[in-house]
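User: I've got a model open and would like to talk through it with you. Could you take my questions one at a time?

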Amino acid sequence: VVGTAIARELAQRGVETILLEKNRIGSGVSGGNTGIACTLLGVAKDSLERQCLERALPLNLPTYQSLGLPHKAAGALYVAWSSGEA
């Protein structure tokens, strides 16, 4: 998924880009996205992952719209399995 995003970004900037996959396009990791946008819940505050998510979250809706992808902000339900998780 990351490689696909990088290829798209480079192509949008005018860089001639090619995306290679070991087998058929979309058959490997590039086709494994669940369609769920990540949230910041449970991501360490000072982590690189959080920094990346904070920069990327505002790009989600414009990207969906530019690609004509259906999008529904539905929220999420998180269930605590123990009092320590609450």
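User: Which helix does R50 lie in?

Analyst: This is a predicted model, so the positions here come from a predictor. The chain follows the pattern α-α-α along the sequence, and the stretch 48-56 is α2. R50 lies in helix α2.

User: Is R50 buried or exposed?

Analyst: The cut-off for buried is under 20% relative accessible area. R50 has a relative accessible area of 13%, so R50 counts as buried.

User: Leaving aside its neighbours within four places in sequence, which residues is R50 in contact with?

Analyst: One of them shows up through a polar atom of the R50 side chain, which lies 3.3 Å from the backbone oxygen of L40. With close sequence neighbours left aside, the full set is L40, V43, A44 and K45.

User: Which residue forms a salt bridge with R50?

Analyst: Side chains of opposite charge can pair when their charged atoms come close. Here the closest N and O atoms are 3.2 Å apart, and the cut-off for a salt bridge is 4 Å. The partner of R50 is E54.

User: Why are R50 and E54 separated by about one helical turn?

Analyst: Both sit in helix α2. What sets the separation is their spacing in sequence, because R50 and E54 are 4 residues apart in that helix. For accessibility, R50 is buried at 13%, whereas E54 is partly exposed at 43%. The spacing you're after is 4 residues.

User: Which residue has a side-chain polar atom 3.1 Å from the backbone nitrogen of R50?

Analyst: Look at the loop between α1 (2-12) and α2 (48-56), where S47 lies. S47 is buried, with a relative accessible area of 19%. A polar atom of its side chain is 3.1 Å from the backbone nitrogen of R50, so with a cut-off of 3.5 Å for a polar contact the residue is S47.

User: How many salt bridges does the structure hold?

Analyst: One of them joins R50 and E54. In another, the side chains of E9 and R13 meet, at 2.8 Å from N to O. The count for the structure is 2.

User: Is R13 buried or exposed?

Analyst: Its salt-bridge partner E9 is partly exposed, with a relative accessible area of 35%. R13 has a value of 63%, and the cut-off for exposed is over 50%, so R13 is exposed.

User: Which residues make the nonpolar surface patch of about 340 Å²?

Analyst: L10 is one of them, and L10 is found in helix α1. Patch residues need over 30% relative accessible area, and L10 is partly exposed at 35%. The patch is made by V2, I6, L10 and V15.

User: How far apart are the C-alpha atoms of L61 and A73?

Analyst: L61 is found in helix α3 and is partly exposed, at 41% relative accessibility. Along the chain, L61 and A73 are 12 residues apart. Their C-alpha atoms are separated by 9.6 Å.

User: Leaving aside its neighbours within four places in sequence, which residues is A80 in contact with?

Analyst: A80 is found in the segment after α3 (60-67). At 39% relative accessibility, A80 counts as partly exposed. Its contacts, with close sequence neighbours left aside, are E85 and A86.

User: What share of the residues in the chain is buried?

Analyst: S47 is one of the buried residues, at 19%, and R50 is another, at 13%. The chain has 86 residues and exposes about 7,600 Å², with carbon and sulfur atoms supplying 60% of that area. The buried share is 7%.

User: Which element of the chain has the highest mean pLDDT?

Analyst: Where pLDDT is low, the predicted coordinates should not be read in detail. The chain has a mean pLDDT of 82, with 85% of its residues reaching 70 or more. Among the elements, α1 has the lowest mean at 86, while the highest, 89, belongs to α2.

Key
Residues numbered from 1 in each chain as written. Predicted model: local features only at pLDDT ≥ 70, side-chain atom pairs only at ≥ 80, totals over all residues. Heavy atoms only, no water. Helix = DSSP H or I, 4+ residues; strand = E, 2+ residues; numbered from the N terminus. Buried < 20%, exposed > 50% of the residue type's maximum accessible area, 1.4 Å probe, protein only. Polar contact = N/O pair within 3.5 Å; in protein donor to acceptor, adjacent residues only side chain to side chain. Patch = residues over 30% accessible without salt bridge, like charges linked within 9 Å, V, L, I, M, F, W, Y side chains within 5 Å. Areas by Shrake-Rupley, 256 points an atom, 1.4 Å probe, with all protein chains shown as cover. Contact = heavy atoms within 4.5 Å. pLDDT = per-residue confidence, 0-100.
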